[in-house]
Protein chains: 2
Amino acid sequence: MSMTARHPLHEQLQAGREARLACRTGQITGTTANLASGHVQGNLAILPEKLAAAFHRFCQLNPKPCPIIGISEVGNPGIPSLGIDLDIRTDLPRYRVWRDGKLIEEPTDIVAHWRDDLVAFVIGCSFSFEHALMADGLTIRHIEQGCNVPMYRTNVPCAPAGPFAGPLVVSMRPFNPADAIRAIQITTRFPAVHGAPVHFGDAAQIGIRDIAKPDYGDAVTIRPDEVPVFWACGVTPQSIILQSRPDFAITHAPGGMLVTDRRISEFAIQ
Amino acid sequence: MSMTARHPLHEQLQAGREARLACRTGQITGTTANLASGHVQGNLAILPEKLAAAFHRFCQLNPKPCPIIGISEVGNPGIPSLGIDLDIRTDLPRYRVWRDGKLIEEPTDIVAHWRDDLVAFVIGCSFSFEHALMADGLTIRHIEQGCNVPMYRTNVPCAPAGPFAGPLVVSMRPFNPADAIRAIQITTRFPAVHGAPVHFGDAAQIGIRDIAKPDYGDAVTIRPDEVPVFWACGVTPQSIILQSRPDFAITHAPGGMLVTDRRISEFAIQ
């Protein structure tokens, strides 16, 4: 660290950038949960240009699961609006490379896979709104239990666009009703990271058969005075992309998000 | 009506004022539900000055059931902030006059009961936020069923002040979870008319024994895909006042509110 004075903006840039540099240099290869607290994290989806326009329309039609917070220019691995020196090829802990819908590699960078026709989409992640919930004194069960958030495929169809179609995936956090009301108020302020919940209570109403068996992540305890609260989840676009079996795609590895320089508070609508 | 041009403010004043004049002249003696749509309505509590300060503190401590939208000067029956020519002694359809906690009269005006030491409190009423919910396309069950909103005494204590203490009273509207989330978002914008709900789902958690037997108002149907959603209710201050058995008090008669010149949209916080 230099000895020059650091103003608040500098602090802010450092926190996100330091997390990215740790990913870039291979010091972090696992989850980004709790990294650079207060900074927005994003899901990554990289597609060839010929599919990118349809995927962009899909996100536009389904803003709750797919809130876009950054898009690269075609073939350009930078997204300066999310980080001045951000390099999407190196700055996540780990990637998943897909061919024809099949996972072919899980590298810690995608320099060797980058192409001039690729477009990178960064989609807001609920790790970000959890920070706002905890700042308000709410307890996030899966953080309390030291596991991943439980996620479920629903029977709620997304609006289709081009080859992209399929059901909404939701994440679940249990709260007592008073805290659930507070969580609805808080997350309403953050449409860029999935916004307000889409459902609470009876899981069967959105096609979830067994709340104890999430399709992704880990099951968490729901106490007798609590109700499960369901948010649209950034796993949705990844699930939808893979279902469409594109000839080529790259995503983040589960739990290893892009850490941005943007503060969650910058995305608040009020 | 004069032949002079009417601008929007004039329209606005007319609507609330016309409703009050109809009450003042005895044309309306029952409910004010659906009167002067879009105008805030208020619960009325009138107390002698020696009790008014403690009641004001009670409201300050319990803003969800007791959101004050207007207070008169001691002995002055006008509240110009709610209506230029408003006269609190005549402008409600019907009043209840209480001595030592007992109902002694239900007159259509209180001119004969007015005293130089009385202070009138006007407390926001949920009739107002129902307008905002319906404007968003939500269906209010008790309006659909043509009856009064069901209200329940809870086991949730209000914060006490002076002689004023007792449990929160809530009103209940059933919604499916998606509409309940929307209702939470909409009513959050209106703290002056009770704001966001205080509870949803399991009624026993707030001490309600039988949802089919409201303590005030009428029972409504709750469909299998719906949950009851509970808001702090303006009946709370009236219930609390009567429990404290003040030597003198005047309230509105159930369902017959003060119609103000203020639009509900003026009270939105965003």
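The paragraphs below lead from a sheet in chain B to the place where chain B meets chain A. The model is predicted, so local features need pLDDT of at least 70 and side-chain atom pairs count only at pLDDT 80 or more, while totals for chains, interfaces and linings use all residues. Residues are numbered from 1 along each chain as its sequence is written, and chains are lettered from A in the order in which they are written.

In chain B, 4 strands (DSSP runs of E, at least two residues, numbered from the N terminus) form an open antiparallel sheet in the order β6-β7-β9-β8, where two strands pair if DSSP finds at least two bridges between them. Because β6 (151-157) and β8 of chain B stand at the edges with a single partner strand each, one side of each has no neighbour in the sheet. The helix α5(B) (helices being DSSP runs of H or I, at least four residues) packs on this sheet, where α5(B) touches β7 and β9 (227-232) of chain B; contact here means heavy atoms within 4.5 Å.

Turning to the interface, 16 residues from chain B and 16 residues from chain A take part in the contact. About 1400 Å² is buried between the two chains, 70% of it from carbon and sulfur atoms; buried area is the accessible area (1.4 Å probe) that two parts lose on being put together, summed over both. P177(B), I181(B) and F200(B) supply 42% of the area that chain B buries against chain A, more than any other three residues. On the side of chain B that touches chain A, α5(B) gives the largest share, with 7 residues.

Conventions: Heavy atoms only, no water. Axes fitted to C-alpha atoms, helices over the stretch in contact; angles between N-to-C directions.
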